[in-house]
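Below are some notes for a colleague who is opening this structure for the first time. They cover charged side-chain pairs and one helix.

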Amino acid sequence: MRFSSLFSSASTVALLALALGVNASDVIDLTPDTFDDTVKPESLILVEFFAPWCGHCKALAPHYEEAATALKEHGIKLAKVNCVDEADLCQKEEIRGYPTLRVYRDGEFSEYSGPRKADGIIAYMVKQSLPAVSTVTARNFTDFKQGDKVVAMAFLSSENDEIASEFSTTANKHRDDYLFGLTTDKQVIEEAGVTPPAVVVYRSFDEPETAYPYPISSLTSKDLESWLKDLSIPTIDEVSAENYQIYASSGKPLAYLFVDPSDEKLQEHLDVLKPVASKYKNKVNFVWIDAIKFGDHAKALNLNEPKWPGFVIQDLSNQLKYPYDQGLELKTASLDEMLELFVTNNLKPTLKSQPIPEVQDTNVYSLVGKQFDEVVFDDSKDVFVEFYASWCGHCKRLAPTWQSLGDHFAKAKDRITIVKMEATENDLPPSVDFRIAGFPTLKFKKAGTRTFIDYDGDRSLESLIAFAEENAKNSLEPREPEAQPAKTPEAEAQKEVHIDHHDEL
Ligand SMILES: *[C@@H]1O[C@H](CO)[C@@H](O)[C@H](O)[C@H]1NC(C)=O
């Protein structure tokens with residue numbers, strides 16, 4: 001009963017649409033045959049790549065329909081590609097998730113980063129259809145320069161100035177990121193106190209006005225782009241999931257102040273760091289971070305005590321960590337000194353290390369960070385290292401094979417070391433030329449060298465043995481080890497002293 005009434009009401013709508021002679025949808029369906037011919041000629045078109053089974057796509061669908069209808073009067077088209085029916089097209093377009101929304105301009109796309117509700121889509125697309133650079137006059141200059149967190153203004157004598165085209169190239173690329181305005185109005189130029197040609201950035205944080213500091217005559221869109229990127233990062237902002245990417249992609253090291261956000265002295269702590277952040281911000285980005293929420297991150301950066309505020313510099317590209325001594329109070333002068341050492345490459349990173357094991361009781365050497373140089377860079381030996389993580393399932397599966405590999409070469413121990421290292425508990429020293437990106441990672445170092453060969457083969461014992469034999473500089477023929485010196489109380493006592501000494505390191 002219910003089924004049939006649903007059925008009939010749906011067909012009523014369809015019949016009505018048919019009777020009125022309207023197309024039920026204003027969204028264009030694209031296929032490989034129509035894609036280029038539809039998308040390329042449009043100065044602005046939004047395309048959704050979707051899969052019928054995807055929940056977010058279903059939620060978006062009615063909004064997308066509504067927006068398509070509303071945007072018709074603005075001459076803006078909306079289209080969609082069903083990636084199940086048109087798998088080849090979606091693969092060619094390198095679609096990696098659903099829905100993917102792209103704004104195409106004359107065939108070139110940028111990711112759609114707007115809202116997913118009808119009114120939001122409409123507003124976003126109308127804004128996209130306006131010129132990337134707004135014309136600013138005396139009437140709206142004051143409002144305009146406060147219109148966004150970062151507003152770039154070009155002050156020119158004429159709109160034909162060469163700078164205008166460089167400016168507009170950057171504006172077209174970054175219209176979602178910043179606001180761009182251009183004026184030739186003498187009154188505005190006077191009010192701004194600049195001599196054209198000039199470019200000034202107005203910000204809602206830090207210094208409110210910054211003029212382009214280099215010779216403006218040779219300004220290129222690229223220069224402008226990187227200058228704006230720098231200015232868009234505040235001297236000290238709170239870092240979170242939303243803005244982390246800006247820092248990760250900036251290419252600069254990242255200095256963190258870990259603070260408890262409920263600490264009433266939060267502002268005082270920030271004030272201690274602020275002069276240092278202003279001084280070094282061209283070379284290092286500074287942020288503060290919720291130490292309670294991101295306590296694990298603090299630990300990963302070698303701030304081992306849950307003691308706040310804490311400060312640490314992370315060299316993102318080399319995965320090195322430079323924590324401020326947690327036993328000392330944070331002071332502007334000492335932070336300044338630390339940053340000076342850091343930017344002149346005179347600061348030593350701290351390396352995380354488990355304690356050195358008291359005994360090595362198997363044929364696989366359990367390596368910790370502190371012993372890395374000593375064991376791996378022992379020039380007399382070939383070394384085969386497994387970097388693993390305790391939580392990693394593939395590593396657990398490899399463990400018995402790796403043990404057998406150690407046993408296999410037990411009689412060549414003076415020439416080859418089979419090593420394992422827990423790489424989440426032990427940092428690599430800066431002297432090695434690689435970083436761990438996955439687990440397990442297997443690397444071979446030939447005797448007498450400092451470079452590592454990747455092992456990419458299968459994880460069978462036979463393949464591992466063959467690889468070691470093929471790459472070893474030493475001969476790995478088994479040889480009976482030399483007789484061990486007899487155990488004497490003296491020798492044992494010396495061994496203990498030796499261990500104690502190591503533990504202090
Ligand atoms: C500023 O006002 C002028 C008219 O004086 C107008 O043409 C221009 O579009 C306005 N710009 C903005 C950003 O509103």
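1. Lysine 40 and aspartate 36 form a salt bridge, with 3.8 Å between the closest N and O atoms. The model is predicted, and this distance, like the others below, should be read with that in mind. Aspartate 36 is partly exposed, at 34% relative accessibility.

2. A second salt bridge joins the side chains of glutamate 42 and lysine 77, at 2.8 Å from N to O. This pair links distant parts of the chain. Glutamate 42 sits in the loop between α2 (35–39) and β2 (45–50), while lysine 77 belongs to strand β3, 35 residues apart.

3. Is glutamate 42 buried or exposed? Its relative accessible area is 16%, so glutamate 42 counts as buried, the cut-off being under 20%. Its partner lysine 77 has a relative accessible area of 37% and is partly exposed. Elsewhere, Glu93, Arg102 and Glu111 are joined into one network by salt bridges that share partners.

4. Lysine 72 and aspartate 26 also meet through their side chains in a salt bridge, 3.0 Å from N to O. Lysine 72 is in the loop between α3 (55–71) and β3 (77–82), and aspartate 26 is in the loop between α1 (2–20) and β1 (28–29), so the salt bridge ties together parts 46 residues apart in sequence. Of this pair, lysine 72 is exposed, with a relative accessible area of 52%, whereas aspartate 26 is partly exposed at 22% relative accessibility.

5. How many salt bridges does a search of the whole structure find? The search finds 16; the pairs described above are among them.

6. Helix α11 covers residues 266–280, 15 residues in total. From its first C-alpha to its last, α11 reaches 21 Å, close to the 21 Å expected at 1.5 Å a residue. The helix nevertheless has a kink of about 35° at leucine 273, shortly before proline 275.

7. Which residues of α11 are buried? They are Leu266, His269, Leu270, Leu273, Val276, Ala277 and Tyr280. Leucine 273, where the kink lies, is thus one of the buried residues. An α-helix has 3.6 residues a turn, so residues three or four places apart point the same way.

8. What do the buried residues of α11 pack against? Their partners include the strands β11 (236–238), β12 (254–259), β13 (285–290) and β14 (310–315). The buried residues of α11 also pack against helix α13 (332–343).

Terms used. Residues are numbered from 1 along each chain as its sequence is written. This is a predicted model: local features need pLDDT of at least 70, side-chain atom pairs count only at pLDDT 80 or more; totals for chains, interfaces and linings use all residues. Side-chain values use heavy atoms; hydrogens and water are left out. A salt bridge is a side-chain nitrogen of Lys or Arg within 4 Å of a carboxyl oxygen of Asp or Glu. Helices (H or I, at least four residues) and strands (E, at least two) are DSSP runs, numbered from the N terminus. Buried means under 20% relative accessible area, exposed over 50%, partly exposed in between (1.4 Å probe, protein chains only). The expected span of a helix is 1.5 Å times one less than its number of residues. The bend at a residue is the angle between axes fitted to the seven residues ending there and the seven starting there. Contact means heavy atoms within 4.5 Å.
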